[in-house]
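Please open the structure in the viewer and set the display so that side chains can be shown one at a time. The stops below give a selection to make and then describe what is found there.

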Amino acid sequence: MAVIHGNFYSKTLENGVQIEIALPEPIRDGAKEPLPVLYLLHGNSDDATVWQRRTSIERYADQYGMAVVMPGVQRGSAYTDQVNGEAWYTYIAQEVPDMARRYLKISQRREDTFVAGLSMGGYGAMHWALREPQRFRAAITLSGAVGSRIPTGYSLSDIKRTSGQDRQKRENRESYAIRTEFAMTYGSVEQYLQNDDAHLIRQVKAALREGKKLPDLYMACGTEDFLYDANAQLHEQLTALGVAHTYREGPGAHNWAFWDHWIQDALAWIARLRQADAI
């Protein structure tokens, strides 16, 4: 595959940003049509390069002739337009696809467009696909920060437990990060609870009420993962609503051994969807 390490100026963020793009081998695939594309999102504490460093995503996607676009976002952003921070959703949903299509031969058709991510990026993938279902054939979440957890993986009890602490005291780095990131992204707990767009199952219900066609959904989570209960809960809620989706679970924790294995299964699942569409 061809790999592009990119930097460009984001008008949305008014700052330089990093992006990684992997393109299938043109000689082997011989494709004349625009490439199908997977937007692949990283987790809370990583960056745009992590999927290439910790997995063989280039090799995996090359089997299917698929371009992979891997943008980077800020820790704690949850791929959302933050209340007190930056417009990360606008950047991801508008600028990244526009930039990729302007410079590369990437398809704009819904049936050729996919989004996936792990942990916070798993939430980001689902949020993007449910907010704009007309754009995506399918969405994939691996160990997603979904269900009863906020998108960065913490629970609301974590936020409430740390909210009374002095914000100037940074002895406990994790507690400080939890509350400052939450305040930047969502404002208060009350604001978060009132924000329908932040809750995946509310997005699903809104789409169903409006008669929108949902993307195919794929979920996978390890049974030893601290986010397992949240993923199982979302699976049960989708089932109760009659929303068809693929749910996978198996041995594994919140780590790259699990994600490296299941991204391969997810790509094979995408390939089967595309084959079925072609019939």
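Begin by selecting tryptophan 256, a buried residue with a relative accessible area of 10% in this predicted model. Next, add tryptophan 51 to the selection; this residue also counts as buried, at 1% relative accessibility. Both values fall under the 20% limit used for the word "buried".

Keep both residues on display and look at their rings. By the rule applied here, ring centres must lie within 6.5 Å to make a pair, and the count comes to eleven aromatic pairs. The ring centres of tryptophan 51 and tryptophan 256 are 5.1 Å apart and their planes stand at 90 degrees, so this pair is edge-to-face. Where do the two partners lie in the chain? Tryptophan 51 belongs to helix α2 (residues 50-54) and tryptophan 256 to helix α11 (residues 256-278), so the pair ties together parts that are 205 residues apart in sequence.

Now select tryptophan 88 and tyrosine 91. Their ring centres are 6.1 Å apart with the planes at 80 degrees, so this pair, too, is edge-to-face. Both residues lie in helix α4 (residues 88-103), three residues apart, which is about one turn of the helix. Tryptophan 88 and tyrosine 91 are both buried. Add Phe8 to the view: together with Trp88 and Tyr91, Phe8 forms one aromatic cluster.

For the next stop, select tyrosine 89 and arginine 131. What lies over the face of tyrosine 89? Arginine 131 is placed there, at 4.0 Å from the ring centre.

Turn then to histidine 245, located in the loop between α10 (228-240) and β8 (246-250). Which side chain does histidine 245 join by a polar contact of 2.7 Å? The partner is the side chain of histidine 235. Show the backbone of valine 243 as well: the side chain of histidine 245 reaches the backbone oxygen of this residue at 2.7 Å.

The last stop is a pocket. Rolling a probe the size of a water molecule over the atoms shows where empty space is left. The largest pocket has a volume of about 200 Å³. Select Asn44, Ser45, Ser119, Thr152 and His254, which are the closest to its centre among the 13 residues that line the largest pocket. How does the lining divide by residue type? Four of the lining residues are nonpolar, seven are polar and two are charged.

Notes. Residues numbered from 1 in each chain as written. Predicted model: local features only at pLDDT ≥ 70, side-chain atom pairs only at ≥ 80, totals over all residues. Heavy atoms only, no water. Phe/Tyr/Trp six-rings, centres within 6.5 Å; stacked < 30°, edge-to-face > 60°. Helix = DSSP H or I, 4+ residues; strand = E, 2+ residues; numbered from the N terminus. Buried < 20%, exposed > 50% of the residue type's maximum accessible area, 1.4 Å probe, protein only. Lys NZ or Arg CZ within 6 Å of the ring centre and 35° of its normal. 1 Å grid on protein atoms, 1.4 Å probe; cavity = no way out; pocket = protein on both sides within 12 Å on 5 of 7 lines; lining within 4 Å. Points joined across faces, edges and corners; volume = space filled by probe spheres on them. Nonpolar A, V, L, I, M, F, W, Y, C, P; charged D, E, K, R; others polar. Polar contact = N/O pair within 3.5 Å; in protein donor to acceptor, adjacent residues only side chain to side chain.
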